Amino acid sequence: MFDLKPLSHLDLGILGGTARTAYGEIQNVNSNLIDWKAVDGQPGNYIKVLALDPARHRVDFLFKQDPHAEFARHNHVCTAVALTLEGIWGYREGEELMFPGTFSYEPSGSVHTPYASGTGMVVYASFQGTGPVMLETLDDDGNITGELTLDFFAQYYDAPALQPA
Ligand SMILES: [Fe+2]
């Protein structure tokens, strides 16, 4: 996703060839070396989980939608932030479009249905909750149809090997 060619003559160190490192609680991720994983039950939606911190009810991830893909309508049971990296996307409930450079702050209680335009999209996002539940998926009448917990994100996360100090 990121063009590393200008850096190819440099020694990028351990992360140049290693997807993840951990030094105690500090983690670094070379997201270029992590494969996109299809999000279960959400066609055209993909995720790279960057960091998962169950003790702090937090998950950081890259999220990608194919052109014209949609993600289930949901309520946030967490604070969410997103920085759009690629493409143009929006929420079915509003008129605004997000594009590269757009930063979105969404407090707990936000309800919406994200969809990608014909360009598809990639965002960096972070969810910070107060418990294990991050999202509630909703039907058209607002009834809760499912919960996305940190365990849901954990299935897409490969924990880093601890590096020697
Ligand atoms: Fe959302």
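**Exercise 1. A residue in β9**

Which residues does S104 touch, not counting residues up to four places away in sequence? Then place S104 in its strand and decide whether it is buried, partly exposed or exposed.

*Solution.* The structure is a predicted model, and every value below is computed from it. Start with the contacts: leaving aside residues up to four places away in sequence, S104 touches V81, A82 and M98. Next, locate the residue, which is found in strand β9, made of residues 103–106. For the exposure, count the C-beta atoms around S104: there are 15 others within 10 Å. Since a residue is buried at 20 or more and exposed at 12 or fewer, with partly exposed in between, S104 is partly exposed because its count is 15. A distance completes the picture, for S104 and A80 are 24 residues apart in sequence, and their C-alpha atoms are 8.1 Å apart in space.

**Exercise 2. A residue in β8**

Determine where L97 lies, what it touches, and how it is classed by its C-beta neighbours.

*Solution.* L97 belongs to strand β8, which covers residues 97–98. Not counting residues up to four places away in sequence, L97 touches I88 and G90. Its class follows from the neighbour count: L97 has 12 C-beta neighbours inside 10 Å and therefore counts as exposed. As a further spatial relation, L97 and A116, which are 19 residues apart in sequence, have C-alpha atoms 9.5 Å apart.

**Exercise 3. The β1–β2 hairpin**

Describe how β1 and β2 pair, and identify which residues stand opposite R20 and T21.

*Solution.* Begin with the pairing: strand β1, residues 20–23, and strand β2, residues 26–29, run antiparallel to each other and are joined over four bridges. Then read off the partners in β2, where V29 stands opposite R20 and N28 stands opposite T21. Finally, consider the connection: the two strands form a hairpin with two residues between them, and G24 in this turn has a positive phi of about 65°.

**Exercise 4. Two histidines with positive phi**

Compare the settings of H57 and H68, using their backbone angles, their loops and their exposure.

*Solution.* The background is that most residues other than glycine have a negative phi. Against this, H57 has a positive phi of about 55° although it is not a glycine, and H68, also a residue other than glycine, has a positive phi near 70°. As to position, H57 lies in the loop between β4 and β5, while H68 is in the loop between β5 and β6. As to exposure, H57 counts as partly exposed because it has 18 C-beta neighbours inside 10 Å, whereas H68, with 12 such neighbours, counts as exposed.

**Exercise 5. The four-stranded sheet**

What is the order of the strands in the open sheet of four strands, and which are its edge strands?

*Solution.* The order is β10-β6-β12-β13, and the pairing is antiparallel. The edge strands are β10 (111–112) and β13 (144–149), each of which pairs on one side only. One pairing can be examined residue by residue: strand β6, residues 74–76, and β10 are antiparallel and share two bridges, with H112 in β10 as the bridge partner of H74.

**Exercise 6. The nonpolar core**

How many residues has the largest nonpolar core, and which of them have the most contacts inside it?

*Solution.* The core has 23 residues, and those with the most contacts inside it are I47, V49, V59, F61, M134 and F153. Assign them next to elements: β4 (45–53), β5 (58–65), β7 (78–91), β11 (114–129), β12 (133–138) and α1 (150–154) each supply at least two residues of this core. The element that gives the most is β11, with five residues. For M134, the contacts beyond four places in sequence are V59, V77, C78, F127, G129, L148, T149 and L150.

**Exercise 7. The chain as a whole**

Summarise the secondary structure and the overall dimensions, and explain why the radius of gyration agrees with a compact globule.

*Solution.* The chain has one helix and 13 strands, and along the sequence the helix follows the strands. Its C-alpha trace spans about 55 × 35 × 25 Å along the principal axes. A compact globule of 165 residues would have a radius of gyration near 15 Å, so the 17 Å of the chain agrees. Buried residues account for 21% of the 165 residues. Of the contacts between residues at least 6 apart in sequence, 63% join residues at least 24 apart.

Conventions:
Residues are numbered from 1 along each chain as its sequence is written. This is a predicted model: local features need pLDDT of at least 70, side-chain atom pairs count only at pLDDT 80 or more; totals for chains, interfaces and linings use all residues. Two strands pair if DSSP finds at least two bridges between them. The radius of gyration is taken over C-alpha atoms; the globule rule is 2.2 Å times the number of residues to the power 0.38. Two residues are in contact if their C-beta atoms, placed from the backbone, lie within 7 Å. A nonpolar core is a set of buried Ala, Val, Leu, Ile, Met, Phe, Trp, Tyr and Cys residues joined through C-beta atoms within 7 Å.
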